[in-house]
Amino acid sequence: MPAFDEIQFPADISYGSRGGPEYSTDIVEMFSGKEQRNINWSQARARYSVSHGVKTPAQLDELIAFFRARQGRAIGFRFKDWTDYQAAGQNLGTGTGAQTAFQLVKKYTSGTATVTRTITKPVNNGSLKIYLNAVLQSSGYSVDYTTGIVTFSAAPGAGVIVTADFEFDVPVRFDTDHLDPSIDDFGTRSWESITLVELK
């Protein structure tokens with residue numbers, strides 16, 4: 001991943017934001033009226049709008065400073081998606097007796113379809129819990145909060161189910177290099193269009 005700051009976008013501004021997963025699909029309409037749909041991305045990429053999350057002059061000042069420090073689109077950062085930031089009982093894999101590293105993931109199931117999302121930015125706030133065969137582990141592992149990889153000091157035994165609970169951020173960047181706030185009234189300022197896109 002290119003330049004990235006392990007800092008979270010101001011949570012009081014992100015609260016009230018809009019957005020979520022986005023896919024890319026080309027649709028070709030046939031002469032018969034039937035469609036052919038071509039999937040361009042194997043995984044969703046999130047897109048957010050946080051413009052209406054700016055409610056006070058102090059928040060706008062904080063946002064301007066954050067934007068300058070990230071140099072527009074140049075440097076990525078963490079973002080809390082208030083609609084999807086928690087995971088519980090997520091199956092990370094099954095022990096082999098040799099494997100020590102397991103990637104955090106979140107699985108989304110609808111009917112018979114399950115989509116697995118790789119989680120690279122867990123939050124270091126005490127929410128992360130690791131279980132072996134449903135038994136909570138108080139030690140014996142470490143977590144890289146910049147990659148989402150859990151590493152055990154001793155490999156879980158063959159057939160042991162590794163699961164986790166955690167909160168996570170989304171790695172994003174600004175989708176603009178242009179700072180465009182406005183002064184709406186005396187003491188009142190806003191920024192009408194602030195789009196963030198997920199980094200892969």
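## Two open sheets and two loop residues with positive phi

Ala134 is located in the loop that links strand E11 (129–132) to E12. In this predicted model, Ala134 adopts a positive phi of about 70 degrees, although it is not a glycine. Its relative accessibility is 68%, so Ala134 counts as exposed, given that the exposed class begins over 50%.

The strands on either side of this loop belong to an open sheet of 4 strands. The order in that sheet is E7-E15-E11-E12, and the pairing is antiparallel. Strand E7 (86–94) and strand E12 (135–137) form the edges, each pairing on one side only. From one strand to the next, the twist averages 30 degrees. E7 and strand E15 (residues 161–167) run antiparallel and are joined by 6 bridges. Within this pairing, Gln86 stands opposite Glu167 in E15.

A further open sheet contains 6 strands, arranged in the order E1-E6-E16-E19-E5-E2 with mixed pairing. Strand E1 (4–8) and strand E2 (18–22) are at its edges; each has a single partner strand, so one side of each lacks a neighbour in the sheet. Here the twist from one strand to the next averages 30 degrees. In general, the strands of a sheet pair through backbone hydrogen bonds, in either a parallel or an antiparallel manner. E1 and strand E6 (residues 76–79) run parallel and are connected by 2 bridges. The bridge partner of Phe4 in E6 is Gly76.

Helix H2 (residues 57–70) lies across E1, E6 and strand E16 (170–174). The direction of H2 is at about 160 degrees to E1.

The loop between H2 and E6 holds Gln71. This residue, which is not a glycine, has a positive phi, near 55 degrees. With a relative accessibility of 54%, Gln71 counts as exposed, because the threshold for that class is over 50%.

The two loop residues are set side by side below.

| Residue | Loop | Phi | Relative accessibility |
|---|---|---|---|
| Gln71 | between H2 and E6 | near 55 degrees | 54%, exposed |
| Ala134 | between E11 and E12 | about 70 degrees | 68%, exposed |

Each loop leads back to a sheet described above. For Gln71, the loop lies between H2 and E6, and E6 is joined to E1 by 2 bridges. For Ala134, the loop lies between E11 and E12, and E12 is an edge strand that pairs on one side only.

Key. Residues are numbered from 1 along each chain as its sequence is written. This is a predicted model: local features need pLDDT of at least 70, side-chain atom pairs count only at pLDDT 80 or more; totals for chains, interfaces and linings use all residues. Side-chain values use heavy atoms; hydrogens and water are left out. Two strands pair if DSSP finds at least two bridges between them. Axes are lines fitted to C-alpha atoms, for helices over the stretch in contact, and angles run from 0 to 180 degrees between N-to-C directions. Contact means heavy atoms within 4.5 Å. Buried means under 20% relative accessible area, exposed over 50%, partly exposed in between (1.4 Å probe, protein chains only).
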